[in-house]
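Work through the exercises below with the model in view, and try each task before reading its solution.

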Amino acid sequence: MTTMESLIGLVNRIQRACTVLGDHGGADGGGALPTLWEALPSVAVIGGQSSGKSSVLESIVGRDFLPRGSGIVTRRPLVLQLHKTEEGQREYAEFLHLPRRKFTDFALVRKEIQDETDRMTGKTKQISPVPIHLSIYSPYVVNLTLIDLPGLTKVAVEGQPDTIVEDIENMVRSFVEKPNCIILAISPANQDIATSDAIKLAREVDPTGERTFGVLTKLDLMDQGTNALDVLEGRSYRLQHPWVGIVNRSQADINKNTDMIAARQKEREYFATSPDYAHLASKMGSEYLAKLLSRHLESVIRARIPSITSLINKTIDELESEMDHLGRPVAVDAGAQLYTILELCRAFDRIFKEHLDGGRPGGDRIYGIFDNQLPAALRKLPFDRYLSLQNVKKVVSQADGYQPHLIAPEQGYRRLIEGGLNYFRGPAEATVDAVHHVLKELVRKSVGETQELRRFPTLQAELAVAANEALERFREDSRKTALRLVDMESSYLTVEFFRRLPQEVEKGGNAAASTTDRYGEGHFRRIGSNISSYIGMVLETLKNSIPKSAVYCQVREARRSLLDHFYTQLGKKEGKDLAKLLDEDPALMEHRQQCAKRLELYKAARDEIDSVSWTR
Ligand code: GDP
Ligand code: MG
């Protein structure tokens, strides 16, 4: 393949791919994404009805396949892509709307174009702007994208809406006004060039004429004694590119089924033997027109490649950053889904641990509980009131019962201590709850901060529920342990402490005095103060052991096994339930799929361009 052919072939491939994505380049196309179509050149035929547009296209292609004839025959745009294949290969045609069906009989291609036109418009004289896409693969064509358009008319005929004249003109204009559309302006030689609809519209959309090729058909139908040299030699109407004269098959030829090869032969002979045009023969005819077009297309594409490449790269960048934003697609099989879920859980767990261990804020609040809240709560316990003289007396007497204690009020001591230690239950539970709330808050934060989870609202919610349930279990365990620490303090008193207390009995010496004192205020105050210092001792112990138990039961467990239970449940789930956990927002899923599809296309297009060899 020569470089030129591969270049045009490349453009054809990209353009076809765009069409698959519904990118028709018009208002109905692409949507938010820029359309490649607009960056790529194509060739469109315009002209009045029956000026010979379809005939010219056919002879450029070198195959009979287009509906031709008088009246309005072409009623939908036909986007025709020619692909040159290796010598000796069988030629065939393929419609985009009938993928994988290879047409080798070109009469059937013509029939399918008619049928497909009717499918859209009915068997009327109406027109439709929706193109039919047809590819032709043949060793006998050059790579080109051609567009056959309905002919421009002047009046609406029976069965057509009043707006048809305008409708057709607008539709044709929408194709040819694109700056990268090369215009084949077809004018019949047997009409005055000054009345040519094709030239009129071409001049309007391409005032400088740099992308307009003037084609003069029906040279053979000119009146005897007249010729088109003024036009063909650029004297009547100057165009940047030279005019090309054509002789297509007449209606009689068509009726006789004159084939293309014979028609070309006849055309060649016409120019070679024409007294008027023989000197121009090498620059006339449909074969020459095809070559001229290919050469022009090549230079246009060469000039456009940098901008196409940058458009593709820009779009790829945009799509990729959008894909990053949307996240990778969800796996389909259960194993991969489980893996994805576990990955997401781990991501969450990592963030949660960073909150606990530092790096992210929040974990320090647990230390705050132990360092401030717990000691403050302990300090606020109403031991002054509890160990008031009055209460001590009351509790000791109640413990004594009918017989006051003789030496030391053992029962009274026990009751007072037990009652006092009970006060520790409150701060112990409050500490457990406070730690619980900090952990819960950290879970909430971590769920929110796990970016990857945002796509999966169901999993996000279930993960949060599972983590909170785990925290609830840890709290219960921690509460029991902390209360047990308190209970342990009252179930067995530190003997040492009491042994070291000064023995009031022996100290007294005077039995009578000590007896009065035994039931006097000083006695109860001493009991109160002994108990107060015992409770103070226990308080110091609990101030240290309650944090230890809370860390052991809650913080450490949260670090270690917050999601263990959830993992066990996951392991028991069926594929269907796993998928449910990952069922992200369907709109998001759809959007990602579309992005991915486009990304693939654009990447393929880029690869194709990269693979083009730049040496001629
Ligand atoms: P379209 O409507 O512009 O697509 O024109 P067609 O290609 O369908 O041709 C219209 C009619 O003009 C057909 O009957 C053709 O045979 C005839 N025709 C087209 N070009 C020539 C030509 O160069 N010479 C002769 N004699 N007839 C032509
Ligand atoms: Mg036509």
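**Exercise 1.** Determine whether Ser54 is buried or exposed, and find what Ser54 and Thr74 bind.

Solution. Ser54 has a relative accessible area of 9% and is therefore buried, where buried means under 20% relative accessible area, exposed over 50% and partly exposed in between, with a 1.4 Å probe and protein chains only. Thr74, at 15%, is buried as well. This is a predicted model, in which local features need pLDDT of at least 70 and side-chain atom pairs count only at pLDDT 80 or more, while totals for chains, interfaces and linings use all residues. Residues are numbered from 1 along each chain as its sequence is written, chains are lettered from A and ligands numbered from 1 in the order in which they are written, and side-chain values use heavy atoms, leaving out hydrogens and water.

Next, Ser54 (OG) and Thr74 (OG1) are the protein donors of the magnesium ion (ligand 2), lying 2.2 to 2.3 Å from it; donors are N, O and S atoms within 2.8 Å of the metal (3.2 Å for Na, K and Ca), and because water is not among the atoms, sites may look incomplete. Since Ser54 lies in helix 2 and Thr74 in the loop between helix 2 and strand 2, the pair ties together parts that are 20 residues apart in sequence.

**Exercise 2.** Find which residues have the most contacts inside the largest nonpolar core.

Solution. They are Phe65, Leu134 and Leu184, in a core of 51 residues, a nonpolar core being a set of buried Ala, Val, Leu, Ile, Met, Phe, Trp, Tyr and Cys residues joined through side-chain atoms within 4.5 Å.

Definitions and conventions
Helix = DSSP H or I, 4+ residues; strand = E, 2+ residues; numbered from the N terminus.
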